[in-house]
Amino acid sequence: MDWICEILEALLMLAIVAVIVFVTVAYVTASEVNLTRANKEKCFLTTAGNTEPFPSLHDPPSIELSVVVPAYNEELRLPVMLNEAMAYLENRERGNAAFTYEVIVVDDGSKDKTTEVALRYTKKYSAEKVRVLTLVKNRGKGGAVRMGTLSSRGRLILMADADGATKFADVEKVEAGLKALNLKKGNLGISCGSRAHLEQEALAQRSFFRNILMRGFHFLVWFLCVRGVRDTQCGFKVFTREAALRTFSSLHVERWAFDVELLFIAQCLKIPIAEVAVNWTEIEGSKLVPFWSWLQMGRDLVFIRLRYLMGAWKLQPPIKNRVLVPACFSTRRRRLRYYDTSLW
């Protein structure tokens, strides 16, 4: 029996050492919020092919709705999504003169013709309505959404996936969820599209192994980070401009688990969150690899909780001091434009 006790003691010591190493790695590898931009990422192309600087999220809103679409190697699926989105947005604009919008397609360092495909819509609808932000290198979905959000003009900001899995007209449902929050102080609010009502059907269709992974992920989300939101991962969320500024300014995670950190930040800041059921259809071509992506997300969830708990990550206060520096050269007006460094 003595040898059994010795083995258990050894295993316990190994477990303690493993925890200490994991916590140390989480602290040492904690990166700062990355808001830097390459020069190419500061401007968009107009219909005439000229370069114009993107605005800043710190600026007052000048339109009603900004739609941010992260896209990585999406030349095949993006047209389907944009056709549906633009048809809805154009029709809504015709029916309501007060409604104005923009779509910002963020090419996340694609290796295909995603940028070229998106620019066709700029030519068709104008750069006032469709702008393309091409990232120099791949940042991850969270990084792409953040860069697009920081470049937006809308009073409301919608993040929508390039696969078109959510019916775009459901944006009105999500907006209604935001209005139901009765926002007052600071106009802070987030409304999340949700697939939770489809859970039983999804459980029946997925394999036992994938269901185990999904259940485990949902438990970690609830236990470590976010409570009260059943579906944190639906890529269809509406933010007030003020809520977007507060949350995206503190966002660290740039890969799949970024939604969880955004909502974790929101709950830490006591920003009201609504959850609204939306129509959703699984589309082929997902970039998420079932086992490795869930493993990565699980690791990120633990890191999110640990890093905030240890103070390696902190919530960023709104930046008030704004310094203007040369940004990009406007070929149309032949003069230097200036950029707000508070978002870098």
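Is Lys270 buried or exposed? At 72% relative accessibility, Lys270 is exposed. The value, like the others in this report, is computed from a predicted model.

## Overall make-up

The protein has 10 helices and 11 strands. Of its 344 residues, 49% are buried. Among contacts between residues at least 6 apart in sequence, 79% join residues at least 24 apart.

One pair that is separated in sequence involves Lys124, found in helix 3 (residues 114–125). Lys124 and Thr47 are 77 residues apart along the sequence, while their C-alpha atoms are 8.2 Å apart in space. Lys124 is exposed, with a relative accessible area of 61%.

## Helix 9 and the loop after it

Helix 9 covers residues 258–268 and has 11 residues, 9 of them buried, so the rest of the structure largely encloses this helix. Its buried residues are Phe258, Asp259, Val260, Glu261, Leu262, Leu263, Phe264, Ile265 and Ala266. The list includes the acidic residues Asp259 and Glu261, both of which count as charged.

Lys270 comes just after helix 9. Its place is in the loop between helix 9 and strand 9 (273–277). Lys270 has a positive phi of about 60 degrees although it is not a glycine. At 72% relative accessibility, Lys270 counts as exposed because the cut-off for that class is over 50%.

## A second positive phi

Asn187 is also not a glycine, and its phi is positive, at about 50 degrees. This residue sits in the loop between helix 5 (171–179) and strand 7 (190–194). Its relative accessibility is 25%, so Asn187 counts as partly exposed.

## Ser66, Glu102 and the 152–154 segment

Ser66 lies in strand 3 (residues 63–71), and Glu102 lies in strand 4 (residues 101–107). Ser66 is buried, with 0% relative accessibility. Glu102 is buried as well, at 0%.

Each of these side chains reaches a backbone nitrogen. The Ser66 side chain comes to 2.7 Å from the backbone nitrogen of Gly154. For Glu102, a polar atom of the side chain lies 2.8 Å from the backbone nitrogen of Arg153.

Leaving out residues up to four places away in sequence, Ser66 touches Glu102, Ser152, Arg153, Gly154, Leu156, Ile157 and Leu158. With the same exclusion, the residues in contact with Glu102 are Ile63, Leu65, Ser66, Val67, Glu128, Lys129, Arg131, Ser152, Arg153 and Gly154. Ser66 and Glu102 therefore touch one another, contact meaning heavy atoms within 4.5 Å. Ser152, Arg153 and Gly154 appear in both lists.

## Cysteines

How many disulfides are there? The count comes to 0. A disulfide requires two cysteine sulfur atoms within 2.5 Å. The cysteine sulfur closest to that of Cys192 belongs to Cys234, and at 8.4 Å it is too far for a bond. Seen from Cys234, the closest cysteine sulfur is that of Cys192, again at 8.4 Å and too far for a bond.

Both cysteines fall under the 20% cut-off for buried residues. Cys192 has a relative accessible area of 0%, and Cys234 is at 1%.

## The second largest pocket

The second largest pocket has a volume of about 310 Å³. It is lined by 19 residues. Those that lie nearest its centre are Ser31, His252, Val253, Glu254 and Arg307.

Which element gives the largest share of the lining? Helix 10 (residues 290–310) does, with 6 residues. By residue class, the lining divides into 6 nonpolar, 5 polar and 8 charged residues.

Conventions
Residues are numbered from 1 along each chain as its sequence is written. This is a predicted model: local features need pLDDT of at least 70, side-chain atom pairs count only at pLDDT 80 or more; totals for chains, interfaces and linings use all residues. Side-chain values use heavy atoms; hydrogens and water are left out. Buried means under 20% relative accessible area, exposed over 50%, partly exposed in between (1.4 Å probe, protein chains only). Helices (H or I, at least four residues) and strands (E, at least two) are DSSP runs, numbered from the N terminus. On a 1 Å grid over the protein atoms alone, a cavity is a set of points where a 1.4 Å probe fits but cannot get out, and a pocket is an open set with protein on both sides within 12 Å along at least five of seven lines; lining residues have an atom within 4 Å of a point. Grid points are joined across faces, edges and corners, and a volume is the space filled by probe spheres set on the points. A polar contact is a pair of N or O atoms within 3.5 Å; within protein, one must be able to donate a hydrogen and the other to accept it, and residues adjacent in sequence count only if both atoms are side-chain atoms.
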